[in-house]
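Biologist: I should like to take a close look at a single part of this model, and then to see how other features may be described beside it. Please begin with the question that follows the structure.

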Amino acid sequence: MRFADVLDQYHAIGLLRSALRTGRVHHAYLFTGPSGTGRRETAWAFAQALQCQRYAEDACGNCLPCQKSERRVHPDIRWIEPPEGRQGIGIDQIREMRQEAAYGPYEGKYRVYIVAPAERLLPEAQNALLKLLEEPPPRIVILLVAESPNALLPTVVSRTQLVRFNLVPAADIERALRVQFEVPPARARVLAALCAGRAALAARWARDPDALADRDRVVDWLGRVEQEGLLAALEAAESLAQDRERLGELLDIALLWYRDVLVEQHAGDERLLVNLDRREEIRRLAARLPPEAVRRRLEAIERAKADLRRNVQPRLALEAMFLQFQLHPTPTAPPV
């Protein structure tokens, strides 16, 4: 992982590059911000840069330490994560880390520990870590990755340098995907809209040929519901409800779809569309569906999201949503 692989977190990366350039590397950093914004990726890129033999504003990616870092086998870059089957990072892991740290790096310039997610550190583990933060051995760097400093003891936070990661505007992500990852414009537009400001998530999707599978699945179901009515609506509710954990994200995709229909009706400007790669379908639906019916669908989707937040059974929430669709059905297309 290199800084070049991290999307649009210029402030955070600039701070780390400055530390590398001046040689003033702090012994502990806390990377904090919403998930999907690139905290883990930046921690990995920083660890690799610290070990790189030909660092020049970024790790070279070719030297032996870089290759080992890419494969996560570098002996001086350790990931401290919850063990499989456990929810938290325990005190035994931190004690082992302290013992190792006392001996310094094996072959690299620094011994680097990436603790992620740091909010999973159990209280006794945080207290054990505190001793290491207060009296760090030479050439040790500890990178804590957490959504919020509030999840950690104030005494731990106070001994780290904060590096904040922010949500990024969709337009900036879209531009970065096109320039940095050479993603085609239509695909970049959709990914930037769907990632909801989480630039690292957009970067991962940019490398995944199936990244739009969820979007296509939701839009295909909506198309069937509009064409076939109640029976398709019940099938769609049953199918989508099975993805309970991600149902909120799937409903966000539905919102963006009908938002595009409304934009097509009122502006007819493809530059404003999110699902640019499916414009013909948007155009056909916009021609058939009255704007008031589109607004009712958007309201029904928002209501379903609110129901889910109140722990309404997912299938019931979706059936109620699609029932609202049927109260404002798509007019039958006139014969050609």
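What is the relative accessible area of Arg78?

Modeller: The model is predicted. In it, Arg78 has a relative accessible area of 25%, and this residue is therefore partly exposed. Arg78 forms a salt bridge with Glu100, and the closest N and O atoms of the pair are 2.5 Å apart. Arg78 lies in strand E2, whereas Glu100 lies in helix H4 (residues 91-101), so the pair ties together parts that are 22 residues apart in sequence. Glu100 has a relative accessibility of 18% and counts as buried, because buried means under 20% relative accessible area. A partly exposed arginine is thus paired with a buried glutamate. In general, side chains of opposite charge can pair when their charged atoms come close.

This pair belongs to a wider set, for the structure holds 34 salt bridges. One of them joins Asp260 and Arg259, with 2.7 Å between the closest N and O atoms. Asp260 is buried, with a relative accessible area of 0%, while Arg259 is partly exposed at 31%. Another salt bridge brings together the side chains of Arg296 and Glu299, at 3.7 Å from N to O. Both residues belong to helix H14 (residues 291-309); they are three residues apart, so about one helical turn separates them. Arg296 is partly exposed, with a relative accessible area of 36%, and Glu299 also counts as partly exposed, at 38%. Salt bridges may share partners as well: in this way Arg215, Asp216, Asp220, Asp277, Arg278 and Glu281 are joined into one network.

The backbone deserves attention next. Most residues other than glycine have a negative phi, and most peptide bonds are trans. Against that background, Arg72 has a positive phi, near 55°. Arg72 is found in the loop between helix H3 (64-70) and strand E2 (77-80), and its relative accessible area of 40% makes it partly exposed. Arg139 likewise has a positive phi, about 55°, although it is not a glycine. Its place is in the loop between H5 and strand E4 (140-146), and Arg139 is partly exposed with a relative accessible area of 48%. A cis peptide bond joins Ala116 and Pro117, with omega at about -10°. Pro117 sits in the loop between strand E3 (111-115) and helix H5 (123-134).

The spaces in the model may now be considered, beginning with the largest pocket. It holds about 260 Å³ of space. Its lining consists of 14 residues, of which Leu194, Arg198, Trp205, Glu249 and Ile253 are the closest to its centre. Helix H8 (185-194), helix H10 (213-228) and helix H12 (247-266) each supply at least two residues of this lining, and H12 gives the most, with five residues. By class, the lining has eight nonpolar residues, no polar ones and six charged ones.

The second largest pocket has about 210 Å³ of space. Among the residues that line it are Val219, Leu222, Trp257, Glu281 and Arg288. H10 and helix H13 (279-288) are the elements that give two or more residues to this lining, and the largest share, five residues, comes from H10. The classes here are four nonpolar, two polar and four charged residues. Glu281, a lining residue of this pocket, also takes part in the salt-bridge network described above.

Enclosed space is a separate matter. A search of the whole structure finds one cavity of 30 Å³ or more, and the largest cavity has a volume of about 40 Å³. It is lined by Val218, Leu222, Leu240, Leu247, Leu250, Leu251, Ala254, Met321 and Phe322. H10, H12 and helix H15 (314-327) each give two or more residues to the lining of this cavity, with H12 giving the most, four residues. This lining has nine nonpolar residues, no polar ones and no charged ones. Leu222 therefore appears in two linings, that of the largest cavity and that of the second largest pocket.

Finally, nonpolar side chains also appear on the surface. Leu230, Leu234 and Leu323 form a nonpolar patch there, with about 260 Å² of accessible area together. Leu230 belongs to helix H11 (residues 230-241) and is partly exposed, with a relative accessible area of 48%.

Notes
Residues numbered from 1 in each chain as written. Predicted model: local features only at pLDDT ≥ 70, side-chain atom pairs only at ≥ 80, totals over all residues. Heavy atoms only, no water. 1 Å grid on protein atoms, 1.4 Å probe; cavity = no way out; pocket = protein on both sides within 12 Å on 5 of 7 lines; lining within 4 Å. Points joined across faces, edges and corners; volume = space filled by probe spheres on them. Nonpolar A, V, L, I, M, F, W, Y, C, P; charged D, E, K, R; others polar. Patch = residues over 30% accessible without salt bridge, like charges linked within 9 Å, V, L, I, M, F, W, Y side chains within 5 Å. Areas by Shrake-Rupley, 256 points an atom, 1.4 Å probe, with all protein chains shown as cover. Salt bridge = Lys/Arg side-chain N within 4 Å of Asp/Glu carboxyl O. Buried < 20%, exposed > 50% of the residue type's maximum accessible area, 1.4 Å probe, protein only.
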